[in-house]
Structure formats: structure tokens, C-alpha cells
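Please write a short report on the structure shown here. Keep it brisk, and start from one residue before moving to the whole.

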Amino acid sequence: MAVRLLFWFYAGFVFASFASSLWLLLSSVLTVMPIPLPYWLLYTPGNIVTAGIIVAALMLALYTYLGVALVLSKLLRGLVPIIMVIAFTIGLALLLAKLAIPALAALIIAYLMLIGTYSVLISIATTRASKALWATATIILTLIPLILMAGGLAVMNYVKYMALVEQAMAIMASAVEAWRLGVEQ
Amino acid sequence: MWSVSRALPVVVLALAIASIVVLVVDGVGASPSLIASIHIGGFGEVDYYASQPMPNVPPGLLVRVYLINGSGVKPVNAFIDVYANAPSGIVHVAMGYSSSLTVPFNNTNWQYAINKWASLGIPFSGYNTSMLVFITYVKGNESWIVPLLIPYNVGWVYRALGKSTPSAATPRYIVVNAYINVNELRPNKVVPVKLNGTVTDPQVFGTYNGYTVYNCSLSGPQPPNIYTSYVFQPTSTCLGFNGSLPIAWATWSNGAIQSDSGLLIDLSIYFSGTINWDAMAAGYGDIGTSYSANENWGPQSAEFILGSQVTQPGSLYWYYENATWAIVNYEVYEVWYVDVPIMYYVGTTTVSEVLYVPPNDYYAATFDYGNGPISMFYNGAITLSQQYFGYPALNASTVVDYAAFEYTPYGEELWECNGPVGNTSTVFGGVQYTLYTVTLGSVNTAYGLSSAELGTELGGLAFDVLVEVATEGEATPLIKFLNNVGSAIFDIAGLLIPPSTSTTVTETSLGINFTTGTNLYISVINASAVYGLPTFGFILNATNFYGIPSSFTCKYNQWVQIG
């Protein structure tokens, strides 16, 4: 397998996560401090959405990259992240076109494919630690919509914590993989 | 076997750990989290953040100013002026020239407004109040003004300052981002203001007992009606007092004491309904209602006998307590409507207005022998009004009615000049008296009281003008927003002041039991025209009418021989 290609996926995943979480922390803290701030650093809904779009675009690019890398390595499961990206893009486009029901259908497919992508990442993980981390993240990812459907907005806080743990797991798994691929092989 | 440099994986691992730390910090709520946001048209945005206490960042309001020029958005220095709405007016809180201004919740002036709200005893959860922020950006001889209304809840302040139990979902920081969009906002011309060289001593009221003298920008005026062709905007230069305001009074001179000993005087009031206190501007007259409240008075009367119960010159007056009255400097703008309203600065004027009166207040009658508001009217206010308005507040021209009892060689005569005189009877001290009553007609007519109109719109009027100018008269989301918030405030005001749809007021009269030999000149003063107070006085002299008028009209059939 093209180890070099996968290394850059994991490194990119960690970089993107780091950049977005750092922006969130810095902007939220600096915004309430009495110091002059450039507009883009303000923690406002508009900027949060913009940051979200940038991170989502980065992540979609990374997943596309992962899928292509896997397909090039003769691993057809690479199609899963590619389908996820396509479904997500279609879903967003339909949402912008205000076609809510078809958009929801496309986004549900994208979400299922995201769970699939995590499973693919488990299958190509090279260490037990990263397998376990990806697996935990996958389980949380699967549980979140079910819990939300059962509990509604009342459980939003729990879901927030679960998403946080899921993100932390995915970041650590990527870091372990990057370490393994970069240093040990 | 391929291998990248060891440094890169180490960096990736370090970033991963750092990301998780940041996620945890964020997750446990250590960093501020956005819990609400209000977009105010294209003029600004208010964001509310819940947060743990942050070192060196006190909870409160933070205003930032951004200049939108072309496609660029950058911080810019501007005048930032912050006011807090209080139940009785506007409190000036902070001002600065900067690209950002911090106003902590524990700011003294803000606390003043907060305490006023708290003293109403209405649960904080039942209403929101607001701050007013005016941003003025000046470049060359042009200026851009953006007014913003910032809703908040008094309970948040209490929680943030630890005065009540904190809650995770309570905003601790309110951040206002104001946008000066020079692409869309039309600039105003900057008019240099000529400072007045004559400065008045604001302690002028300090010599009177029982009054608190203060700079009334702390209480603030109510801007008058927008729909006049003039727009009046209060400036901070003003002075005023809290205390008793008279609604009706009778004053007797030393001559009356000496000439008319044994005379029974009965000062009666009967008033129920909405009182409007109008703002009176020098040179412009009545510029609109400054404050309204529902009041219930009487019928009540206070009686005393000259010479036995009162032996020195003085006044008897009915009053309401804890009212706020002020003399305020306003800037005057003339408005021309040529498709859009255009405001021209035409100068300044001095306005007398009531800023607050408690609804359905305790009422009472009491005497004033030189230390009360009536003395202030005569002594302090005449000087003061001469200084501020250019003419004395009480003079012959403020006398609306005259009546006289004269002892002539032909017997006792009653002269009625301008004003009805009737008679009634009363029992005082077990004695039956027949009283000649000088009735101040209907207060409604004399003062021009209108139907219920709530007077605490909390600064919405001057505000609306600015918005209209800023948006060239078009209805923008800002105006809609202001209207919504404004009506919310209106509702709160409605809680404080029971609305009334009709005014059923009625009379204020002075009764005199004349005895043979009575020499009494009664002048009825309407001080409303100058002070904006619906306050009326009867002045009793032994030798002539108040102000010694050169002419007064007594028609042929308006005198009768009595006695």
C-alpha cells in the first residue's frame, strides 16, 4: 500500500483538526477581551459558519484524497469515502437549492458513508491502538443520531460531549497512524 | 523502505495532543461559548457569551467598531457613547474614542440603572431592558452615526457579579460589533458646536433642604415627539433634583396675614386620570410629553385660618413625592422632508421637564415657610429661569385668573376677572363657613391634558430619528427590530404605569370665607407653561394682584356687591 500517501492523509487530518480547534479557542477567548481584533478572528455566528465551511471543505478534500489513494492501491473500499464526499456535496447543493427532503436523504447517505469511511480506516489501521481508537469513534458516530432521535434536544449536551470524545479519538488515531507510518516504517 | 523525516511525525503527534487539550478546554466550558446572537440590519451584531470568569476580563459589555469601506472590514476609531435605559429615563454610562470600549457590569452609572430596575420588584425573568449605543465615526467634515439597541436582562448582571446563583446558560459577556458602512450610510455634515461661555453653578438648588442636587444626565431626559418639524436631542448639560413636586399651592403675603386675620382658606384638589408632564423649551414652547403617569388624587382639601393657624407669610401645597424634575440643554435640529428626512442643526435650547413621577403616589399637603418647592419656584427658580429661559418663570403673564375681594365705601365687593367664582359651604372646627371658591376651571382645559399616552418609551424617539437618517427613510430590519424591542420595553412600561384611556380630572379650587373688611387679591398662576409641571398656584395679596399687572380685564357684569 502507498504508505507515503496515507501518511499525508493522517497528517492532514490532524492539521485540519488542530487549526479549527485552535481558531475556535483563540477567537472565543480573544473576542471577549478588550483588544482590537481583525474581523475574521471574531467569534461570531458568521465567522463560525465560515470556519465550519473551510474545515468541511478541507475534510472533504482529505477524504477524497484518502479514497483516491486507496483505489490507486487496488483497494476498492476507497470508493466509500469518495461516495461520502459526493453524497455530502450533493446534499449541501440541494440544501442551498432549498430542497430539504432530497437534501436530507443525500446527507443521511453521506453520514452512513462517513461511518463506512471510519470502518475503512479501521481496516487499514496498522496498530491495535489506532484500530481501537477508530472503532470507538465509529461506535460513537453510530450512536449519536440514535441518541438524538430518542432524546431530542434535551440530550444535546451529552451529544456534544460524545462528539468531542469522537473527535479526540479520531485525532489520536490519526496521530498514532502518522507516527507509525512516518517513523517506524 | 521509505521514511519521512522524524520531525514531521513528532509535529503531528504534538498537534494532535494540543488539539485534544483545546477540545477539552472548549468542552468543559472554560472558553466563552456563544449562546445568542442578534443581527441588527447592516449596522451591527450583538453576541452573548456564557463563560467561566476570565482573569482580567470583567463581565460586561464590549463594543467594537468596524469600518466597512469597499469590501474591506477593519477596526476603526470612533466615538462610542453608551447609555443604559432606566425605568425613569436614560443613564449615561460610558464614552470613549477608540475602536473598542469595555463597560463592566459594575460600572457605577450602569449599577445606578440596574438598581432602579431592581427596586421595581418585578422578577428579572419577566422582562429585558436595554443599553443604547451610539457610534459616531468622523472623517474630514463628515460623520456617520450608528445607533444600536442592546437588549439584556438585569438578572444576568446579578449573576455575573455573584449577587445571585450563577447559571451556565447566562451571558457573561455581551459583545457588540458595530459596522460603519460608508458604502451605504449617508454621512452627516459635521457642525462645530460653539461652547457657551456662561457656566451656571449646578449647586443652585443645593441651598434648599431636602433635595438632592445632581447632574441629571444621570437620569436623563425623555426625547420629545419625533413628528414635529423640530428634533430635540438632549445633551449632557443639565441639572435637576429629586423631591416633592407641587401640584397646587396657595401662597399668602405678609399683607394678607395682617389685613385678613381670621380668614378661612381651603385649598382643594380633585384629580384622577393620566397626567402628562410636557417638556417646555425656551423659544419653542411645549415640545411634547416628557412623562406620563396615572394619578389619583382626592377629593381632598386642606383648610387653615389666617392669623391663628398661620402667622407668617408662606405657602400651602399639595405635592407628589420622589419626582424628578430637570432643566436640560437640548440641541435642536430642524427636519425637512424631501423624500427623506434631512436634519439641520439650528442651535441649542433649554428645556424644563419632569423625568419621573411615581404612579399613584402618596399625596399630601404641607406648608412651605421658605424651604420647600414653592419657595424654590419663587426664589431659586425665578432667578434660574431668568438665566436659562431668558424670562422669569412666574410673572404677571403667567397669571391666568384674577379675583379680588375689596372693601369699598359701598361695602364689600367681589371682582371676578378671568375666572369663575362660585360659593360653597364647609364645616371647619365645628363652625359652618360659606366659602367663595375660585376654581381653576378644568385642569384638563388649562393644561391641555391628553388621553393616556405612556411616557416611558425609553429614548426611542431621538433614536428613531437617527435610524431614519441613517437609512434614508427606508424601513430596514433595524427599524423592525427596534420596533419589536421598543414594544417589548413598552410592555414593561405598561406594567409600571397602569394604562388609562380617559382623563377624568377635575378641579383645583381655593375657597375663601370673606368677612367684612376683607381686602384680598387672588391671582391664579399657571406654572405649567414654563416648567412643564401641571402645577397651579393661588397667590394671596392684600393690596394688588401678583406681579402688579398694568391691566386685567374685569367686565362690567363680573363684579358683585357682597356682604
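Begin with B:Val82. Leaving aside residues up to four places away in sequence, B:Val82 touches B:Val63, B:Val93, B:Ala94, B:Met95, B:Leu101, B:Val103, B:Met131 and B:Val133. The model is a predicted one. B:Val82 belongs to the largest nonpolar core, which has 55 residues. B:Val82 is also among the residues with the most contacts inside that core. The others named with it are B:Val63, B:Val133, B:Ile150, B:Val176, B:Ala178 and B:Ile180. There is a second, separate core of 52 residues. A:Leu25, A:Met113, A:Ile140 and A:Met172 are among its members.

**Strands of chain B**

Strand β5 of chain B spans residues 78-86. This strand is mostly covered, with 8 of its 9 residues buried. β5(B) runs antiparallel to strand β8 (residues 129-139) of chain B, and 6 bridges join the two. Within this pairing, B:Tyr83 stands opposite B:Leu132 in β8(B).

Another pair lies in chain B. Strand β3 (residues 60-69) and strand β4 (residues 72-75) of chain B pair in the antiparallel sense, over 4 bridges. B:Asn69 stands opposite B:Gly72 in β4(B). How many residues lie between β3(B) and β4(B) in their hairpin? There are 2 residues between them. One residue in the turn, B:Gly70, has a positive phi of about 65°.

**The two chains in outline**

Now compare the chains as wholes.

| Chain | Residues | Helices | Strands | Buried |
|---|---|---|---|---|
| Chain A | 185 residues | 6 helices | 0 strands | 36% |
| Chain B | 563 residues | 9 helices | 26 strands | 45% |

Chain A reads α-α-α-α-α-α along its sequence. Take its contacts with a separation of 6 or more: residues 24 or more positions apart account for 57% of them. In chain B, 73% of the contacts between residues at least 6 apart in sequence join residues at least 24 apart.

**Two helices of chain A**

Look next at helix α2 (residues 45-72) and helix α3 (residues 79-96) of chain A. They pack at an angle of about 145°, with their axes 7 Å apart. The crossing of α2(A) past α3(A) is left-handed. Which residues of α2(A) make the contact? They are A:Leu60, A:Tyr63, A:Thr64, A:Leu66, A:Gly67 and A:Val71. From α3(A) come A:Leu79, A:Pro81, A:Ile82, A:Met84, A:Val85 and A:Phe88. By type, the residues of this contact divide into 10 nonpolar, 2 polar and no charged.

**Where the chains meet**

Chain A also touches chain B. The contact involves 38 residues of chain A and 41 residues of chain B. On the side of chain A that touches chain B, α1 (3-31) and α6 (156-184) of chain A each supply at least two residues. The largest share of that side, 15 residues, comes from α1(A). The residues on this side of chain A divide into 28 nonpolar, 9 polar and 1 charged.

**Residues in loops**

Finish with three loop residues. Most residues other than glycine have a negative phi. Two residues here go the other way. Phi of A:Lys98 is near 65°, a positive value in a residue other than glycine. A:Lys98 sits in the loop between α3 and α4 (100-124) of chain A. Is A:Lys98 buried or exposed? A:Lys98 is exposed, because it has 7 other C-beta atoms within 10 Å, and 12 or fewer count as exposed.

B:Asn56 likewise has a positive phi near 65° and is not a glycine. Its place is the loop between β2 (44-50) and β3 of chain B. B:Asn56 has 6 C-beta neighbours inside 10 Å, so B:Asn56 counts as exposed.

B:Pro166 is found in another loop of chain B, between α3 (154-160) and β10 (173-181). Why does B:Pro166 count as partly exposed? The reason is its 14 C-beta neighbours inside 10 Å. The partly exposed class lies between the limit of 12 or fewer for exposed and 20 or more for buried. B:Pro166 and B:Trp156 are 10 residues apart along the chain, and their C-alpha atoms are separated by 8.6 Å.

How values were computed
Residues are numbered from 1 along each chain as its sequence is written. Chains are lettered from A and ligands numbered from 1 in the order in which they are written. This is a predicted model: local features need pLDDT of at least 70, side-chain atom pairs count only at pLDDT 80 or more; totals for chains, interfaces and linings use all residues. Axes are lines fitted to C-alpha atoms, for helices over the stretch in contact, and angles run from 0 to 180 degrees between N-to-C directions. A crossing is left-handed if the near helix is turned anticlockwise from the far one by less than a right angle, and right-handed if clockwise. Two residues are in contact if their C-beta atoms, placed from the backbone, lie within 7 Å. Ala, Val, Leu, Ile, Met, Phe, Trp, Tyr, Cys and Pro count as nonpolar, Asp, Glu, Lys and Arg as charged, and the others, Gly among them, as polar. Two strands pair if DSSP finds at least two bridges between them. A nonpolar core is a set of buried Ala, Val, Leu, Ile, Met, Phe, Trp, Tyr and Cys residues joined through C-beta atoms within 7 Å.
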